[in-house]
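Trainee: I have a structure to go through. Can we take it step by step?
Mentor: Yes. Open it up and ask away.

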Amino acid sequence: MQRRELLISSIIVHAARHHGDGEVVSRREDGRIVRTTYAAIERRARRLVGVLRALGVKPGDRVATLAMNSDRHLELYYAISGMGAACNTVNPRLSPDDIAYIAAHAEDGLFFVDPCFLPLIAAIAPNLSDFLRAVVVLAERGEMKPCALPPGVALHCYETLLAEASDEPEWPSFDENTASALCYTSGTTGRPKGVLYSHRSTLLHAMTLNFADTLGLRATDRVVAVVPMFHVNAWGLPYMAPMVGAALLMPGRHLDAVNLLGLMNAERANLSVGVPTVFLGLIDHLRRTGEKFETLKRILVGGAAFPRALIAEYGKFGVSVSHGWGMTESSPVVTLYAPKPATAQLDAEALLDLQAKQGRVLYGVDVRAENESGAEVPWDGKTQGNLVFRGHWVASAYFRQPGSQVGEEGWFPTGDVGVIDEQGFVQLTDRTKDLIKSGGEWISSIALENIAVGHPQVAEAAAVATPDEKWGERPLLIVVPRTGCAPEPEDVRKFFEGKTPNWSIPDRVIVAEELPHGATGKILKSKLRELYTGPQKP
Ligand code: AMP
């Protein structure tokens, strides 16, 4: 057999040749919609390789992006990785201090930024002057604004650089194990940690997600990429979609329900991928306005638990939900819901229970639940264990962090706790540090939140442990009302009766206007504990 390297550039080359008119639609900062094709993206990305070289980028370097989802960000994904450098996607929602830490740790010499992030880069640039050479603004010449950068750091306009460059003849070839992208964890405890993906791991992840039994994208699909390209490569969408020619619809920074629904309906999207908070906002909007999804048929949700009640509600709007699990360290997808022959026997309620789990393991990776001595616990849907995973797209160590190497067998400790059922479906109970231990029994905060969101007046919920003299810890529930509702705490408590053992029903329910969310859209349990239960758990 021929041996060809599994390179990211091969995806966009294929897309340009076989799906040249495949669409990429982006909403710019000012709300304008712009359209381009995979053929144009490939041509411009190849040109961009020349721009990167002219700016002094060499294979093996890291180049940073601080940008929302757009055609230009897609060009950068392909140009930076395609020339043999690593695209360090920086999450703009992190604190400026963490962003400066990441840029210094990665030694990013160049930053490609959306215009809205110029103040952010100007604020941190003085701390990066040892290695930062230039900031390139993802804009036309006429959209350029002044930006105070330290001496020696140049400010460039992306479109001007591209217009002045000449076409590179072809994509270079190199070892498929070369680093392609660098993503940092969101660092809710301690500093963010870097995970370096390779061309090979990225391609294998994208191919597996394109299996019919996983996400199974097709050339006729039109996908709204809500999941941000600044974190975990937007779950592989920027690779999966061009690989099959599916249209990519990029909302930019317009992630509010009105704009998202507008984009979905106007662009005839049939699929969308994102975190629960966004889909929670969308459904709330539909309830209030009576508007509809005109063409949307499927969503892929992960990054935090997606409540069972919402899976049911999306079903009523004609949209099926694939719930998945993974993390920065696993590129990220490891499990995803898809039916099995045994699923056909289930009634509607039991099927919803199954869909609310985090799905089953994709080919190419594997998951175990382990007890404290590291032995695998049975697949009985009851015995809880620490979840570990390994596979082609799981990190073997953190970037530039000596001693972080996983053991010889490659099992990576996820910090998540869960159970696996007889059919291999994984169900997360909690992050280890978020588990609630009451009178020697574990209470799953995810299970409590799932029930709470089923209450007709509750939009969002979070359960945390609160110290208790008698029981060690007791669950406290904080709920955010649906628009126009005012749930009574005691009524929410009563709603739990018969749905969970009495001893696990939250002692107290607090109604709050909102819940704090972190840089990747997850509810910040540490912040809630600080606010409502005193000092944080170590
Ligand atoms: P990140 O590295 O930012 O992608 O976060 C990964 C973590 O998010 C995981 O370790 C889980 O704790 C959590 N997570 C991801 N997907 C899910 C899910 N479907 N349900 C519950 N938690 C999830």
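Trainee: Which residues lie nearest the centre of the second largest pocket?
Mentor: Keep in mind that this is a predicted model. The second largest pocket has 35 residues in its lining. Those nearest its centre are Gln 427, Ala 447, Leu 448, Ile 451 and Lys 499.

Trainee: What volume does the second largest pocket have?
Mentor: First see what surrounds it. α11 (308-316), α12 (348-356), β20 (426-431), β22 (441-443) and α13 (445-452) each give two or more residues to the lining. The volume of this pocket is about 990 Å³.

Trainee: How many residues of that lining are charged?
Mentor: Split the lining by residue class. In the second largest pocket, 15 lining residues are nonpolar and 11 are polar. The charged ones number 9.

Trainee: Which domains each give at least three residues to the lining of the second largest pocket?
Mentor: Start with the division of the protein. Its parts are domain 1 (9-24 + 35-198), domain 2 (255-386) and domain 3 (435-532). At least three lining residues come from each of domain 2 and domain 3.

Trainee: How far apart are the C-alpha centres of domain 2 and domain 3?
Mentor: These two domains touch. In that contact, 15 residues of domain 2 meet 14 residues of domain 3. Their C-alpha centres are separated by 21 Å.

Trainee: Which residue in the hairpin of β19 and β20 takes a positive phi?
Mentor: Strand β19 (residues 412-420) runs antiparallel to β20, joined by 5 bridges. Gly 418 faces Leu 428 of β20 across that pairing. Between the strands are 5 residues, and the one with a positive phi, near 85°, is Gly 424.

Trainee: Now the open sheet of 7 strands. Which strands stand at its edges?
Mentor: Read the strand order, β7-β6-β5-β3-β4-β8-β9, with mixed pairing. An edge strand has a single partner, so one of its sides has no neighbour in the sheet. The edges are β7 (154-157) and β9 (194-198).

Trainee: Which residue in β7 stands opposite Val 135?
Mentor: Look at β6 (residues 134-137). It pairs with β7 in the parallel sense, over 4 bridges. Opposite Val 135 stands Leu 155.

Trainee: What angle does helix α3 make with β4?
Mentor: Helix α3 (residues 71-82) packs on the sheet. It touches β3 (62-66), β4 (86-89), β5 (110-113) and β8 (179-184). Its direction and that of β4 make an angle of about 140°.

Trainee: At what angle does helix α4 run to β8?
Mentor: Find α4 at residues 96-106. This helix lies across β3, β4, β5 and β8. Its angle to β8 is about 150°.

Notes:
Residues are numbered from 1 along each chain as its sequence is written. This is a predicted model: local features need pLDDT of at least 70, side-chain atom pairs count only at pLDDT 80 or more; totals for chains, interfaces and linings use all residues. Side-chain values use heavy atoms; hydrogens and water are left out. Two strands pair if DSSP finds at least two bridges between them. Contact means heavy atoms within 4.5 Å. Axes are lines fitted to C-alpha atoms, for helices over the stretch in contact, and angles run from 0 to 180 degrees between N-to-C directions. On a 1 Å grid over the protein atoms alone, a cavity is a set of points where a 1.4 Å probe fits but cannot get out, and a pocket is an open set with protein on both sides within 12 Å along at least five of seven lines; lining residues have an atom within 4 Å of a point. Grid points are joined across faces, edges and corners, and a volume is the space filled by probe spheres set on the points. Ala, Val, Leu, Ile, Met, Phe, Trp, Tyr, Cys and Pro count as nonpolar, Asp, Glu, Lys and Arg as charged, and the others, Gly among them, as polar. Domain bounds come from an automatic or database domain assignment.
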